[in-house]
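Here is a report on the empty spaces and helix packing of one protein model. Please keep the structure in view while reading.

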Amino acid sequence: MLSYLSRNKLITRQQHGFLSMHSTCTQLLESVNDWTLSIRNRHIVDSIYFDFAKAFDSVSFSKLSIKLKGYGICGDLLNILTDFLHNRTQRVVLPSGESEFLPVLSGVPQGSVLGPILFLIFINDVVDIFNDIDVNVKLYADDIKIYLEIDNNLDVDALQSSIDRISEWSNTWQLKLAQNKCQHIRFGLAKIVTTASYNVNSISLTTESTVRDLGTLIDSQLTFSEHIYSIVSKAHLRSCQILRCFLSRDSLNLIKAFNTYVRPILEYCSPVWSPSAIGLVDKLESVQRRFTKKITGLSSLSYNERCELLNIDKLELRRLRIDLIMCYKIIHGLVALTSDDFFTLSDYHSTRGHSFKLVVPESRVNCRSHFFAVRVIRIWNNLPEEIVSVTHLSAFTAKLKKYNLNEFLIGTS
C-alpha cells in the first residue's frame, strides 16, 4: 500500500509522519527554514497549531472506506481492510477486575502496522482545502500547523479563512478539534504592522510566546534558549536518577546508561535548535561534564581526560557531526527535503574546494545565521574531498568520525 501510494504521489509531501525519509526533524527543518527566511526578509509570520481530540480513535469507518476507494484501493484489499476495522471489541482490565466487552465503533487500531497507514489516508486530503490560498501547511500524523507571512489585514483575513476551512473539514469528517489546545504564535523581529486576533469555532486563540512543536519548544524569536534550558534541566534530573538508582559503580555501565537514557534528550532534533552561543553550548555540555565527574575515580581528572578515558565525545562535537550528516542526507536526497530549499552548490570550476562546496547565503539576522542551513556550510566546505564525495551514508559517517573537527568547537568545556 505504501509503495502504491508513494509511486503515484497520493500522499501529500507536507506529511512527515509514519513515512520513510521523513521525521519530526525534517518537518521542523522545513518550517524553521521558512520562518527564518521570512524574518531575514523583515516579515512577520503567524502560525496556528491545531490539536484533534482523540484523532486516531475518532476515525469513522464508513468515511475511511470512502477515502480508500477514492485512492484506488478496492476489491479484495478493501474487503480485508474493512474486515480488519469492523466487529472489534475492547475492555478494560485492572488488578481488581475487568469490564465487559464493548464494540469499537470508530478509530484505527493503534500499535498496529495498518493503523498509521489508514490514518494517513484519512487525513491526507486536509491539504487540498488550501489549494486556492497561499498558506503553508505542515503535518506530522494528526499534528497540523499552518502559517503565513503577515503584511496587512488581508493576510490576517486569509489566515482566518484557512482556520475556518480546517474547522469545516474537521466537522465534515468527524475529527473534533480540541479548541482549547489550539495555539497561535507570531514569529518575527520587524515592527508589528498589524494586530491579529484569530478564532477556532468562535473561540479566540491566545497568542503564545512559546509553543511546543513536535517535542521542541519554539519561541517567537527562534532563539531556542527556552528549549535548551528545558532539556538540560530534564537531562540533569535523569542523570541524578541513574547515579542514585544504579547499584553498579562500573564506569562502563554508567556511561551506557547515560548514552541510553540521557543523551537522546540532549540530541533530539538537534539540527533544528543546535546553539551557536558559547553560554548555551556550555550549558548543554554541563550535563555530561557533571555526570562523568561523579563517576568513581574520575573526579580529579579534567573533562577532556574523562572523555578520552571513557571513550566518549563531547556533546558539541556530536551535534556538529549530526549537522553534517543531515547536510549529506539533504544534498544526496536521502531525506524528503528539497536540497535547493536549503543549499546552493557552488560552481566547482571557479572556486577552490571540493565538488560539493556550498554557497554561503546572506543572513542579516541571528536567527538565520545560526540556523542549520547557514551554520553548517562553513564546516561542510572545509571537509576534504575524500569525505564528501563518498556515495554511501555509512562510509560518510565512518570517515567523518575519524576526521578531526575540534577546530570548529566553540565551547569552553
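A cavity here is a set of grid points where a 1.4 Å probe fits but cannot get out. A pocket, by contrast, is an open set. The model is predicted.

## Enclosed space

How many cavities of 30 Å³ or more does a search of the whole structure find? The search finds 2. The largest cavity has a volume of about 50 Å³. The second largest cavity holds about 40 Å³.

The largest cavity is lined by His236, Ser239, Cys240, Leu243, Val287, Arg290, Phe291 and Lys294. Two helices, α7 (225–245) and α11, each supply at least two of these lining residues. Which helix gives the most? That is α7, with 4 residues. By class, the lining has 4 nonpolar, 2 polar and 2 charged residues.

The second largest cavity is bordered by Phe61, Ser65, Leu68, Leu81, Thr82, Leu85 and His86. The elements that give two or more residues to this lining are α3 (61–70) and α4 (75–85). Its residues divide into 4 nonpolar, 3 polar and no charged.

## The largest pocket

The largest pocket contains about 470 Å³ of space. Its lining has 21 residues. Nearest the pocket centre lie Ile312, Asp313, Lys314, Leu317 and Arg321.

Three elements give two or more residues to the lining: α12 (303–310), α13 (315–331) and α18 (393–402). Of the elements, α13 gives the most, with 5 residues. The class count for this lining is 9 nonpolar, 5 polar and 7 charged.

## The second largest pocket

About 380 Å³ of space lies in the second largest pocket. It is lined by 14 residues. Ser6, Ile11, Arg13, Leu19 and His22 are the ones nearest its centre. The lining divides into 8 nonpolar, 4 polar and 2 charged residues.

## Helices α7 and α8

The angle between two axes and the distance between them describe a pair of packed helices. For α7 and α8, the angle is about 150° and the axes are 10 Å apart. Angles over 145 degrees count as roughly antiparallel, and α7 and α8 are therefore roughly antiparallel to each other. The crossing of α7 past α8 is right-handed.

On the α7 side, the contact is made by Arg238, Ser239, Ile242 and Leu243. On the α8 side, Leu254, Ala257, Phe258 and Tyr261 take part. The contact residues divide into 6 nonpolar, 1 polar and 1 charged. Ser239 and Leu243 of α7 belong to this contact, and Ser239 and Leu243 also line the largest cavity.

## Helices α8 and α11

Helix α8 (residues 251–261) also packs against helix α11 (residues 278–293). The angle is about 160°, and the axes are 11 Å apart. That makes α8 roughly antiparallel to α11. Here α8 passes α11 in a right-handed crossing.

Which residues of α8 meet α11? They are Leu254, Ile255 and Phe258. Their partners in α11 are Val287, Gln288, Phe291 and Thr292. The contact consists of 5 nonpolar, 2 polar and no charged residues.

Several of these names recur. Leu254 and Phe258 meet α11, and Leu254 and Phe258 are also part of the contact with α7. On the α11 side, Val287 and Phe291 meet α8, and Val287 and Phe291 line the largest cavity as well.

## Helices α3 and α5

How are α3 and α5 set, at what angle and distance? Helix α3 and helix α5 (residues 114–123) pack at an angle of about 80°, with their axes 9 Å apart. The range for roughly perpendicular is 65 to 115 degrees, and α3 and α5 are therefore roughly perpendicular to each other.

From α3, the contact draws on Lys63, Leu64, Lys67 and Leu68. From α5, it draws on Leu118, Ile121 and Phe122. These residues divide into 5 nonpolar, no polar and 2 charged. Leu68 meets α5 and also lines the second largest cavity.

Note on methods
Residues numbered from 1 in each chain as written. Predicted model: local features only at pLDDT ≥ 70, side-chain atom pairs only at ≥ 80, totals over all residues. Heavy atoms only, no water. 1 Å grid on protein atoms, 1.4 Å probe; cavity = no way out; pocket = protein on both sides within 12 Å on 5 of 7 lines; lining within 4 Å. Points joined across faces, edges and corners; volume = space filled by probe spheres on them. Nonpolar A, V, L, I, M, F, W, Y, C, P; charged D, E, K, R; others polar. Axes fitted to C-alpha atoms, helices over the stretch in contact; angles between N-to-C directions. Parallel < 35°, antiparallel > 145°, perpendicular 65-115°, else oblique. Left-handed = near helix turned anticlockwise from the far one by under 90°. Contact = heavy atoms within 4.5 Å.
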